[in-house]
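Me: I've got this model open and I'd like a close look at one part of it. Could you take me through how the helices pack against one another?

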Amino acid sequence: MKMRLSAAALLLALCLPPAQADVVFADPPHRKQLHEGETAYLNRDYRRALQILLPLADNGDYTVRSIVQPKLARIYVLGPEGVKNPAEAARWLHKAAEGGDIGSQYYLGLLYLRGRDRDFDIKPDAAQAAKWLAKAAEQGHADAALTLAAMYEEGADGLPQDMAAAKWYRKAAELGKPNAAAVLAQMYAQGVGVKRDLREAEKWRRRAEQDGER
C-alpha cells in the first residue's frame, strides 16, 4: 500500500495550532521565548524563529520539547534558501518521535511508507514505517493503527502478511474506526488471520454500524 501525502498536509499536523500554544506552555522561564518564536514563525520569519527556538530544542521540560522539535522540522521544510534543509527536517522529526510525540510518530511512519521527497531526506522503508506507526497506534492514534493493519494485510514492500493485520484492525476498531471494525468482522466471519468466530464477527459488525452513525 503506497500512501500519498503532500508535504503541505503533513506540515499541518506537525505543530500545535496557535490557539493551543499558550495553554500548554508549562515552563514559565521559557514562556516569553516560546511566544516570540511562535510569533516569528507565524510571521514567516523562519530565520528568526529558528534562532529563538533552536536553543530550546533539547530542553529538559517535555512540554517545551514537544512544541519546539516538531516546529523545527516544519521550519526546515518551509524555510527559504539557507534555512530549508531536508536532512535537518528529518532529524528533528525523528527526535520528536523518539521523545514520544504521537503526531510526529504517525507522520514519520507515513514518510517511511511514502519514501523520500524534496522536503524530507527519508527513503522508503516498510520496517521503519511499521515501527513508527506501531508506536503511534500504541499511544492511541487510530489512523496509525488502521494504516499499519492495511500494511500487514497487503504485505507492503515485502512486509510479511501475518496475523498482525487482525491485531491492528482490532486496535483501530477499538479506537473508533468503523471501517476497521467492518474489516475485522469480515475476518472473523471468514477465519482470515483469526480463528473463525461468528459471534465476534457479529459483534464487530454492530460496532462498525454504531461507530459509523456517530
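Reply: Here's a walk through the helix packing, with a stop at one buried side chain and one odd loop residue.

Keep in mind that this is a predicted model. The protein chain has 12 helices and zero strands, so the pattern along the sequence is simply α-α-α-α-α-α-α-α-α-α-α-α. Of its 214 residues, 48% count as buried. If you take contacts between residues at least 6 apart in sequence, 53% of them join residues at least 24 apart. On the outside, the chain exposes about 10900 Å², with carbon and sulfur atoms supplying 49% of that.

Let's start with helix 5 (residues 62-78) and helix 6 (residues 86-98). Their axes are 8 Å apart and the packing angle is about 165°. That angle is over 145, which makes helix 5 roughly antiparallel to helix 6. The crossing is left-handed. From helix 5, the residues involved are Gln69, Pro70, Leu72, Ala73, Tyr76 and Val77, and they meet Glu88, Ala89, Trp92, Leu93, Lys95 and Ala96 of helix 6. Sorted by class, that contact has nine nonpolar residues, one polar and two charged.

Next up is helix 7 (residues 102-114) with helix 9 (residues 142-154). Here the axes come within 10 Å and cross at roughly 25°. With an angle under 35 degrees, helix 7 and helix 9 are therefore roughly parallel to each other. This crossing is left-handed. Helix 7 brings Tyr106, Leu110 and Leu113 to the contact, while helix 9 brings Asp143, Ala144, Thr147 and Met151. The class count for this contact is five nonpolar, one polar and one charged.

The pair further along is helix 10 (residues 164-174) and helix 12 (residues 198-212), whose axes come within 11 Å and cross at roughly 40°. Helix 10 and helix 12 are therefore oblique to each other, and helix 10 passes helix 12 in a left-handed crossing. Look at who is touching: Arg170, Ala173 and Glu174 in helix 10 meet Glu200, Lys203, Trp204, Arg207 and Asp211 in helix 12. That contact divides into two nonpolar, no polar and six charged residues.

While you're on helix 10, have a look at Tyr169, which sits in that helix. Its relative accessibility is 5%, so Tyr169 counts as buried, the cut-off being under 20%. What covers it? Leaving aside neighbours within four places in sequence, Tyr169 is in contact with Leu146, Ala149, Ala150, Glu153, Ala180, Val183, Leu184 and Met187. Take Leu146 from that list: it is 23 residues from Tyr169 along the chain, yet the two C-alpha atoms are separated by 6.0 Å. Leu146 falls within the stretch 142-154, which is helix 9.

Finally, the loop residue. Arg44 lies between helix 3 (28-42) and helix 4 (46-53). Arg44 has a positive phi of about 65° although it is not a glycine. Most residues other than glycine have a negative phi. As for its surroundings, Arg44 is exposed, with a relative accessible area of 66%.

Methods: Residues are numbered from 1 along each chain as its sequence is written. This is a predicted model: local features need pLDDT of at least 70, side-chain atom pairs count only at pLDDT 80 or more; totals for chains, interfaces and linings use all residues. Side-chain values use heavy atoms; hydrogens and water are left out. Helices (H or I, at least four residues) and strands (E, at least two) are DSSP runs, numbered from the N terminus. Buried means under 20% relative accessible area, exposed over 50%, partly exposed in between (1.4 Å probe, protein chains only). Contact means heavy atoms within 4.5 Å. Accessible areas come from the Shrake-Rupley method with a 1.4 Å probe; for residues, only the protein chains shown count as cover. Axes are lines fitted to C-alpha atoms, for helices over the stretch in contact, and angles run from 0 to 180 degrees between N-to-C directions. Angles under 35 degrees count as roughly parallel, over 145 as roughly antiparallel, 65 to 115 as roughly perpendicular and the rest as oblique. A crossing is left-handed if the near helix is turned anticlockwise from the far one by less than a right angle, and right-handed if clockwise. Ala, Val, Leu, Ile, Met, Phe, Trp, Tyr, Cys and Pro count as nonpolar, Asp, Glu, Lys and Arg as charged, and the others, Gly among them, as polar.
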